[in-house]
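Got the viewer open? Load up the model and follow along, one selection at a time.

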Amino acid sequence: MKPTSDTRKPYAGSSRALIIALDVGTTFSGVSYALLEPGEVPKIHGVTRFPGQEHVAGNSKIPSVMYYDKHGRVMAAGAEADNASIISQAEDEDWIKTELFKLRLRPKSMKLKMNGMRLSSLPRHKTSVDVFGDFLAYLFRCTKSFIIDTHANGQTLWHHVENSMEFVLSHPNGWEGAQQTKMRRAAVYGGLIPDTDQGRARIRFVTEGEASLHACVQSGLAADVLSNPSRHGFLVADAGGGTLDISSYAVRGTNPLVIEEVAPPDCIFAGSVFVSRRAREFLEEKLKGSKYGTSDSIDHITKRFDETTKRLFRDKKDLQFVPFGSPLDKDLSVGIRGGQLKLDGTEVAEFFEPSVQAAITSIKAQVDASQGMIKSVWLVGGFAASPWLFTHRPDSQTSKAVADGALGFYCDHHVSARMSKFMYGVEYLREYDPNDPEHQSRKDRLCELPSGPRLLPDAFDCILARCVKVKESTVFSRKYCTELTNLSTLSVFEVEIWCYRGGDTIPQWILRHAEDYSTLCVVRADLSLLSGSAEPKQGKNGKTYWTIVFSVEIHFGLTEFKARIKWNDNVSDFRVFFLERSSSMWKFAYNR
């Protein structure tokens, strides 16, 4: 099978366009872009020159690091922040070093174990979204300079597309709607797009797992698997700096290439940064009492471990050495001789072990969830280059091209169906059953519709279940009804979409403070147009009320979750009652 670049279709648009993919990683970041010319096959380019990397040819990665001054201004970023003169100036002028900031955007449901260590403090008056936006702005400026400098008539080209360019932002498999919203806000803050509906629509998202899939496809690495007409599946494990993103797929067609998810994707904090954190914790204890046990010394030795030992480690039977100083550095009591720290191979293996075991557990769970379809594993990402991690893989290949893959996602769109990771639905009011013990335990919260039924709040109505294969065109819809005593409230109509992460069994009730439940989004609509067709009715106590029918629709097949309210003035065949607004939210009631 040919690489995707040989089979990619010509761009069908009527005018030139620029698409920029920004991969902000936990530890390293990169940018790719494609200039789309009408009638021509898109070609993906990488930004291979950044400030501070002038001496390195073709390097497409920069550290995800920034320095701020005390006023919250960015003073250095990326490769520049690793420059010795910048580090010295930062120390002299008390600049704030900001790294691992991507982890601050994580969902609350994803627990982050830092082995007793904390993320670095944010600059004064800066939020995590602001910092993320500052780094996006830096990548954007670098991309603009690169395109203008390397393309013929670059300044004219940029001027032609700068107000219409689109962006693809990649994120871990575990990021959800709330994180996408933060990333979009960061893009506005960083000046990539205007804060308008049209501006926000110029941002698209893709999971790092799916981007890695497209990168493997377009590079030709996966040709043997993808050209096989059998129904065997494959797994993409993107091992990055912060997360391990695992996605499972199967080929459904080869001409054109059609791929579907066969299991809900997974995302765990098991990236290379946690190996470094465990190494630092070990070094703090080992070097305690030594002149090399100061915070600055441990920072330096850990950095050298990252750059050398961690990348080369392959056999726990061999002694390992961390070169960090001059031949005069010596402390035999802690294993330092000739500027090198000696470590036992089993000690270094322990730094990797939690990440390796987490990866193996997650991969096995994906294989089980795919019902045995998985026959091969592609291990990709920066951490995948580790020889030690590589020796633990079942059968894999490595690649570092999330930004390229994000553009492949935009241009080629091979994945036609995705699996729902969790359960999605709304709250409704369940009709009270005095013979049900669970209902009796909740009867202090009983409420009553104008038409008379006695109801209990906090019941869960599932619209989309977990592990459902969703085509991009599939819409999940449920019809509802509300009884209103005041039509003016239709102008601020809201529906809360809930997410349940606790398994495959549909829960009866929403437990608002439990970790398995969270609000995914709030859908707002102005339904005041329906007030003209609504007919007044007399309630149980003679109070006038109106019945309004509408639908809640969930679009899940794309990489960004979407929901909307669709009104309907036909009151037949509805499934759920809706009660008037209470505490700024609407309550549902089931119609048996």
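One bit of vocabulary before we start: two strands count as paired if DSSP finds at least two bridges between them. Also keep in mind that this is a predicted model.

**Stop one: strand E2.** Select residues 28-36, which make up strand E2. Colour by burial and you'll find this strand mostly covered, with eight of its nine residues buried. Now bring in strand E3, residues 44-46. E2 and E3 pair antiparallel over three bridges, and you can pick out Ala34 standing opposite Ile44 in E3.

Next, add strand E1, residues 17-24. Eight bridges hold E1 and E2 together, again antiparallel. The link from E1 to E2 is a hairpin of three residues. To check the register, click Asp23: its bridge partner in E2 is Gly30. Finally, show strand E4, residues 62-63, which runs antiparallel to E2 and is joined to it by two bridges. Here the pair to look for is Ser29 with Ile62 in E4.

**Stop two: helix H3.** Jump to residues 128-150, the 23 residues of helix H3. Draw a distance from the first C-alpha to the last and you should get 33 Å, close to the 33 Å expected at 1.5 Å a residue. Buried here means under 20% relative accessible area; 18 of the 23 residues of H3 are buried, so the helix is largely enclosed by the rest of the structure.

**Stop three: the E13-E15-E14 sheet.** Select 320-323 (E13) and 336-337 (E14), then residues 340-343 (E15). These three strands form an open antiparallel sheet in the order E13-E15-E14. E13 and E14 are the edge strands, each pairing on one side only. E13 and E15 share four bridges in the antiparallel sense, and Pro323 sits opposite Gln340 in E15. Now show helix H10, residues 295-312: H10 packs on the sheet, touching E13 and E15, and its direction makes about 120° with that of E13. Helix H11 packs on the sheet as well, touching E13 and E15, with its direction at about 85° to that of E15.

**Stop four: H9 against H11.** Keep H11 (residues 345-369) on screen and add helix H9, residues 272-286. At what angle do the axes of H9 and H11 cross? Roughly 140°, and the axes come within 8 Å. That makes H9 oblique to H11, and the crossing is right-handed. For the contacts, show side chains for Phe274, Val275, Arg278, Ala279 and Phe282 in H9; these meet Glu347, Glu350, Phe351, Phe352, Pro354 and Ser355 in H11.

Technical notes
Residues are numbered from 1 along each chain as its sequence is written. This is a predicted model: local features need pLDDT of at least 70, side-chain atom pairs count only at pLDDT 80 or more; totals for chains, interfaces and linings use all residues. Side-chain values use heavy atoms; hydrogens and water are left out. Buried means under 20% relative accessible area, exposed over 50%, partly exposed in between (1.4 Å probe, protein chains only). The expected span of a helix is 1.5 Å times one less than its number of residues. Axes are lines fitted to C-alpha atoms, for helices over the stretch in contact, and angles run from 0 to 180 degrees between N-to-C directions. Angles under 35 degrees count as roughly parallel, over 145 as roughly antiparallel, 65 to 115 as roughly perpendicular and the rest as oblique. A crossing is left-handed if the near helix is turned anticlockwise from the far one by less than a right angle, and right-handed if clockwise. Contact means heavy atoms within 4.5 Å.
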